[in-house]
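Trainee: Please take a close look at the surroundings of the ligand in this model. I would also like to know what lies beyond that site.

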Amino acid sequence: MRPKRHFMMTHAITADPILEFAADVRAGLTKPDQKELPSKYLYDSVGSGLFEVISVLPEYGLTRADERILRTHASEIVDRVPRPVVVAELGSGSGKKTRWILEALCRLQHTSYCPIEISRAALAMCARELGDIESVSIVGFEREYLDGLLEVAARRQKHQHLMVLFLGSTIGNFDRTAGERFLKEVRRILEPGDSLLLGTDLLKPIHQLIRAYDDPLGVTSAFNLHLLARVNRELDADFYLSRFEHVGFYHKAARSVELHIRSRDSQAVSIPAADLTVSFDAGETNWTESCHKYASEEVRHLAKQAGFYCNAQWIDREWPFAENLLIAE
Ligand code: AVJ
């Protein structure tokens, strides 16, 4: 008998995504000091595809470290989680790494898996990637993280716990204050005994970090600059990509790698759909993404601040990265 499988998808209910994009681009590019474009817009189908390539670059060890830990310790991880459990994943991407957790869980219980993603393409990829696992049901949510999580939490049954996956060090996109605030918001949606498996990239030598975010092949550069191409495509703008360049540098005080797009000369760009003409000085940068790095004991402390306790931590030796199992108190 074929195992029962099903996949459902709940689509976004946001107003008009193009209008929202236009409003965010306008707000970011009219900031008086540092111009910015929110990093979430890097992750459309082109950006998610480019990130998949980044994740296999030899210089970028983060995704492989994350996956190594999950592959090696999946049974140990799920053994520590109160069951029965519904799994929700914030920003599933392709879902490749999640396989190990789902397979381990499915040996113990039938599992509902709810990936929450703003990229519909990533959700579809994830359903294809994981749909073959026996006794898993996938319900995808095309939503922002917290909206999606609220919905999953509302749908769970009384006896079910929630296990939230927030892998790949996506939390690093927040600065430390916002990261703590975000974990607190996640905690507020959870009940005591629910769990959060949090992946965090750890501090490591600066040259190694820089190479990971400024790779010689230029994939990260393409990933970053594609945001301008997206503004051209979706908002009718006239960015000349060759007049901009990718920059990745380490911000010591913030303990983060910062990605910017630097204007090579002084120029003006028009973005009709955002009702905006914006000028750049020569050398002026536009901030697109931050990738914060943590110390392992700092994560345990952060967890405590947010109302979790750190049940266990697994650290990869090859590429310092921690998988943290946090239980809601
Ligand atoms: C997807 C946020 C985990 O922080 O390393 C990689 C993003 N940007 N290379 C990271 C990213 C450029 C990545 N995260």
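Mentor: What follows starts at the ligand and then moves to the nonpolar cores and a few backbone features.

The model is predicted. Around the ligand there are 14 residues, and the closest of them are Tyr60, Gly168, Tyr213, Glu289 and Cys291. Three of these closest residues also place polar side-chain atoms beside polar atoms of the ligand. For Tyr60, a polar side-chain atom is 2.5 Å from an oxygen atom of the ligand. For Tyr213, the distance from a polar side-chain atom to a ligand oxygen atom is 2.5 Å. In the case of Glu289, the partner is a nitrogen atom of the ligand, 2.7 Å from a polar side-chain atom. The ligand taken alone exposes 350 Å², and the protein buries 97% of that area.

Which elements give two or more residues to the shell around the ligand? They are helix 2 (45–54), helix 9 (219–235) and strand 12 (285–292). Sorted by class, the shell consists of nine nonpolar residues, four polar residues and one charged residue.

Next, the nonpolar cores. The largest has 66 residues, and Leu29, Met163, Leu197, Phe239 and Ile271 have the most contacts inside it. Met163 can serve as an example: leaving aside residues up to four places away in sequence, Met163 touches Ile77, Val81, Val85, Val86, Val87, Ala88, Ile101, Ser195 and Leu197. There is also a second core, separate from the largest one, with 32 residues, including Ile116, Leu183, Tyr294 and Ala328.

The backbone has some features to check in loops. The peptide bond joining Arg83 and Pro84 is cis, with omega at about -5 degrees. Pro84 sits in the loop between helix 3 (62–79) and strand 3 (85–90).

Two residues other than glycine have positive phi. In Arg255, phi is near 50 degrees; this residue is in the loop between strand 8 (244–251) and strand 9 (256–263). Arg255 counts as partly exposed because its relative accessibility is 31%, which falls between the limits of 20% and 50%. In Asp275, phi is about 55 degrees, and the residue belongs to the loop between strand 10 (267–271) and strand 11 (276–280). Asp275 has a relative accessibility of 63% and therefore counts as exposed, the limit for that class being over 50%.

Methods
Residues are numbered from 1 along each chain as its sequence is written. This is a predicted model: local features need pLDDT of at least 70, side-chain atom pairs count only at pLDDT 80 or more; totals for chains, interfaces and linings use all residues. Side-chain values use heavy atoms; hydrogens and water are left out. A residue is near a molecule or strand if one of its heavy atoms lies within 4 Å of it. A polar contact is a pair of N or O atoms within 3.5 Å; within protein, one must be able to donate a hydrogen and the other to accept it, and residues adjacent in sequence count only if both atoms are side-chain atoms. Accessible areas come from the Shrake-Rupley method with a 1.4 Å probe; for residues, only the protein chains shown count as cover. Helices (H or I, at least four residues) and strands (E, at least two) are DSSP runs, numbered from the N terminus. Ala, Val, Leu, Ile, Met, Phe, Trp, Tyr, Cys and Pro count as nonpolar, Asp, Glu, Lys and Arg as charged, and the others, Gly among them, as polar. A nonpolar core is a set of buried Ala, Val, Leu, Ile, Met, Phe, Trp, Tyr and Cys residues joined through side-chain atoms within 4.5 Å. Buried means under 20% relative accessible area, exposed over 50%, partly exposed in between (1.4 Å probe, protein chains only). Contact means heavy atoms within 4.5 Å.
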